[in-house]
Amino acid sequence: MRPGGLTLTDRALEFCCLPHGSRLLDAGCGVGATVEHLSSRHGFTAAGVDISPELIAEGLLRNPALSLAEAAVETLPFTEESLDGVFCECVLSLLDQPLDVLLEFRRVLRSGGYLILSDMYSRGEYVQADSESGLPGLATHGQIEALLSRSGYMTLLWEDHTFLLTELAARLILAHGSLAGPGCGTTRPGYYLLVARKE
Amino acid sequence: MSLMEAGTGWSCTACGGELEIMKVGFTYMKGNFEVNLPACSNCGLVLVSEELATGKMAEAERILEDK
Amino acid sequence: MEQDKLREWEYKCIQEEPPECTATCPLHVDARLFVKEMGRGDREAAFKVLAKSMPFPGILARICDHPCERKCKRGEVEEPVAIALLERNCVEQATGKARIQLLPRRGQKIAVIGSGPAGLTAAWDLLKKGFGVTVFEHADRLGGSLRELPECILPREVLDRELAVLEELKADIRVDEVIDATAFENISREYDAIFIDRERVEGYELPIKRSSGGEISVDAATGATECEGVFAGGGTRRHGAYSPVNETLQGRKGALSIERFIQKAQMGAGRVNDGPFTTRLFTNISGIASVPRVRPADTAIGYSDGEALAEAKRCIQCECLECVKACLYLERYEGYPKKYARQVFNNERVILGAAHTKNQFVNSCSTCGLCEVVCPNNFNMGDLCLQARRTMNGQKLMPLSFHEFALKDMAHSTGGRFALSRHEPGHEKSEWLYFPSCQLCATSPGEVLSSYRYLREQLTGGVGIMLGCCGAPAFWAGRDDLFRETRDALRNEWEQLGNPRVITACSTCLNLFREHIPDMAPVSLWKILEQCGLPLKTCEATGKTVAVADPCITRYDRDTQESVRHIVHLLGMDSEELPSCGEKAECCGYGGLMYNANPKLARDGIARRVAVASSTDVQRDYLVYCAMCRDNFAVSGARVSHLIELLFPNVEGGDPAARGWISWSLRCSNRARVRQGILQEFGEKEEHVVITYENIRLEMTPEVLRRTDERRILEDDIKMVIDHVERTGKRIRNNRDGRYLACHQTHNVTFWVEYTPETDRFTVHNAYCHRMKIVGVKQ
């Protein structure tokens with residue numbers, strides 16, 4: 001359940017104006033909903049990788065025509081400069097070493113290729129990961145842009161879509177009841193969409 | 001009033017059919033939501049229980065108003 | 001809210017201002033935190049606090065002349081906290097060393113001439129800032145006057161150990177060096193700046209201007225001498241007032257000035273609070289029990305650990321929080337006004353697509369103004385919140401649910417079922433106009449009609465009547481548009497009646513009219529009754545004592561409060577003053593629409609107040625003169641009468657205080673009853689347009705009635721659902737017990753009713769509602 005479902009994917013596509021047939025990757029694709037959307041609705045050549053063999057299997061069961069593979073985002077099964085765009089939703093915030101992954105994305109992207117990220121961030125101060133409760137840390141807007149700059153990308157678009165997070169929170173409550181989420185007060189979780197280009 | 005097992009126990013008086021669990025869409029404060037609820041596929045009648053309305057739904061509404 | 005307005009708000013709240021001890025301390029040591037840690041028995045943590053502000057904490061903590069104690073608030077209770085003795089106890093045992101974070105080396109070199117406390121402090125600070133420092137001292141060891149202190153105060157071993165830190169910091173120490181004029185010239189050329197410890201340069205031949213007393217002249221604020229790059233301080237001992245901490249301050253000032261000099265930065269900027277200043281913090285010490293200072297059993301040793309712990313616990317831990325102590329709402333949100341102002345400011349910032357936080361916070365304030373009364377600076381949270389509500393409405397970002405029910409209720413009061421304005425029958429003019437208020441009519445319809453009759457008997461020139469709402473709910477909701485509309489409509493009606501003098505039975509109306517339609521020259525019903533005399537058949541209450549609960553809106557209306565008490569006495573009763581009366585009146589939960597936006601807070605607030613009254617031996621009946629106070633006290637289970645019930649009793653020998661709660665539905669029908677009653681008395685007939693669902697009869701057990709009322713579901717809402725459903729046939733049947741369940745969606749709310757049709761009525765088993773709109777079944 002990603003905040004906004006495919007809303008942000010479409011928003012990013014609208015911004016990038018990728019030509020028909022572009023080769024796109026969804027890194028952390030789960031059961032392949034985004035891959036399916038990109039292939040069927042937009043006519044792109046899309047593939048997805050996920051670390052979970054169960055999710056990949058489920059995705060292929062539902063739609064055997066999808067190009068899904070089990071792989072870690074740190075070691076993508078693609079050659080250098082072979083992709084026009086990489087989508088990565090709700091993955092980076094869970095990683096210890098996001099820089100490594102960004103560099104790997106860079107490897108497979110052609111020069112001028114797009115990187116589309118959407119994830120949680122902190123609208124307040126940087127929030128440390130809490131190993132005890134298993135809650136990941138939350139980087140600030142500034143930290144995220146700095147990270148991209150360091151890994152060789154130029155940010156073209158940053159949009160806050162925190163409302164989608166609220167909507168997601170409401171959906172989770174409807175489905176499961178009360179959330180024991182991160183406290184309010186100083187932490188102000190937000191949700192962003194970022195489009196960057198490989199330099 | 002508690003909800004019975006999946007769909008059994010409730011009927012639609014308009015068409016006489018039994019309610020079955022179906023996906024029902026809701027909207028509030030620009031958000032869109034889905035809950036599986038007893039509903040009549042013929043007439044579109046939906047059953048929101050007291051438990052849901054005063055429990056999870058109320059909480060979700062508050063989050064949307066104040067989060 | 002703009003930035004500068006935010007600053008204004010923040011400035012008013014003094015909670016974050018330093019306590020007296022810290023403000024008076026020349027070095028601004030956080031003595032409050034230090035004593036707190038000592039009170040927890042954590043000497044290491046306590047030491048860290050000292051080390052944060054003190055140079056050579058092992059020395060200063062033993063010898064400081066503690067000006068902090070002179071200003072300690074505990075001293076106003078009985079005796080100041082023995083901060084100095086606690087410091088001694090701390091440094092004698094704490095093993096932690098001062099951890100010094102050095103800034104990277106800057107390359108400049110500073111000469112410090114003289115190693116008394118001032119010079120040593122200058123050296124310490126400058127080394128920490130990353131400068132190279134050379135200390136020149138004419139004696140064979142560093143320390144100056146420190147060496148002359150008794151061993152029991154400052155053991156030599158401690159002194160030497162502390163001073164050794166200078167070498168760790170890579171200071172260049174030159175002892176046995178007397179500085180004459182030539183040496184000084186050389187130093188001036190070789191070093192980037194100089195600090196002179198005046199305590200150590202008596203008799204030095206230095207080419208620097210001295211005062212008539214022989215002391216090097218310095219600028220008091222910066223320590224600058226007339227020579228560029230040469231600063232001086234210390235040596236106050238000459239005047240017979242030796243203050244180690246003041247000497248230290250002088251060194252610190254000098255170091256800061258040197259840093260600024262070298263950086264070519266503004267010398268004087270931001271130095272207003274260098275050295276001691278008077279804090280704006282207010283701490284309430286009333287009610288603090290007197291506990292004498294702990295005296296050390298052995299004065300030579302100082303405090304034992306047990307004695308230190310006991311003394312540290314005497315510390316008041318100064319802070320303000322006066323408003324938080326007085327208000328459940330401010331306490332609940334775990335902050336204080338300065339923080340809240342910033343939160344409101346942040347809440348207003350519109351970020352594309354971002355959700356807003358703190359909406360409920362802004363809508364939960366009753367706007368009663370109690371905070372303003374207890375705050376030393378008159379911070380008014382109500383003003384802050386009302387402003388925020390207006391902004392939210394202006395930006396169309398106010399979620400409707402916070403105020404919808406209250407505005408719906410107001411719409412009923414301004415609508416055809418209630419609103420009315422007439423001259424007195426047989427009069428074509430009105431000298432007076434009675435405005436009994438929408439809520440009092442809802443609470444006490446019979447008494448309102450009686451009171452109007454009485455006014456017509458007592459006053460000449462014609463007493464007109466106007467039923468309506470003054471607009472308070474719109475005002476509180478931050479709906480300026482709706483408020484102005486309501487107010488303008490009222491004003492028009494009033495003008496149509498010939499601008500009569502308005503008599504209000506409700507203090508909120510009184511207040512609003514005074515503020516927004518002052519030409520009405522409104523006067524309270526109680527004042528009029530005081531002047532005319534009370535009606536003959538009042539209730540039998542002689543000898544009874546009641547606890548008068550002033551509504552929060554009368555906070556600054558002593559006049560009305562006095563009138564009420566006078567009437568209470570005329571009725572033969574005694575009035576007991578509650579802690580929250582007069583200027584300190586509290587809100588019952590209705591004000592600011594708290595009951596709508598945050599019903600739990602409102603309930604908890606009234607529960608807390610009722611609990612207070614019962615702490616006395618005798619549980620008194622409450623006497624109120626606001627309809628909503630009556631209702632809210634009644635719901636919480638207290639015995640309460642509205643003054644009008646005692647003056648115009650409905651039932652002879654009745655007990656209004658036992659009446660209990662009434663439902664919102666009954667409130668609506670009571671209002672209609674008042675209108676009908678007046679029309680009837682005036683001999684007017686009215687064609688009442690019957691809406692289909694009104695004829696539906698409902699039957700509900702008291703429990704169901706109560707539950708639906710708590711959910712703010714009116715009987716009309718239930719009737720609408722049943723009516724709609726019975727006509728369209730869209731309902732669901734429970735196969736097991738045959739009960740029907742159906743819903744009907746109005747603008748923003750979907751109501752559900754569980755019911756069974758009977759021959760001539762409907763039995764309602766349950767009703768509930770939600771705001772999420774059903775879109776439909778997904779295929």
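I'll start where two chains meet: strand β2 of chain B, residues 20-28, is joined to β20(C) by four bridges, and the two strands run antiparallel. Please keep in mind that this is a predicted model. Within that pairing, the residue standing opposite Gly25(B) is Gly776(C), which belongs to β20(C).

Now the wider contact between these chains. On the chain C side, 29 residues are in contact, and they meet 35 residues of chain B. Which elements of chain C give two or more residues to the side that touches chain B? There is a helix, α17 (359-363), and there are the strands β16 (732-734), β18 (750-757), β19 (762-770) and β20 (773-777). Of these, β20(C) gives the most, with five residues. That is the strand I began with, the one bridged to β2 of chain B.

As for residue classes, the side of chain C that touches chain B has 11 nonpolar residues, 10 polar ones and eight charged ones.

Let me turn to chain B itself. What is the order of its elements from the N terminus on? The run is β-β-β-α, so to speak for the whole chain, we have three strands and one helix. The chain has 67 residues, and 40% of them count as buried.

One last item on chain B concerns contacts within the chain. Take the contacts between residues at least 6 apart in sequence: 35% of these join residues at least 24 apart.

To go back to the start, the place to look at on the screen is β2 of chain B alongside β20(C), antiparallel, with Gly25(B) opposite Gly776(C).

Technical notes
Residues numbered from 1 in each chain as written. Chains lettered and ligands numbered in written order. Predicted model: local features only at pLDDT ≥ 70, side-chain atom pairs only at ≥ 80, totals over all residues. Buried ≥ 20, exposed ≤ 12 C-beta atoms within 10 Å, placed from the backbone. Contact = placed C-beta atoms within 7 Å. Nonpolar A, V, L, I, M, F, W, Y, C, P; charged D, E, K, R; others polar. Pairing = 2+ DSSP bridges.
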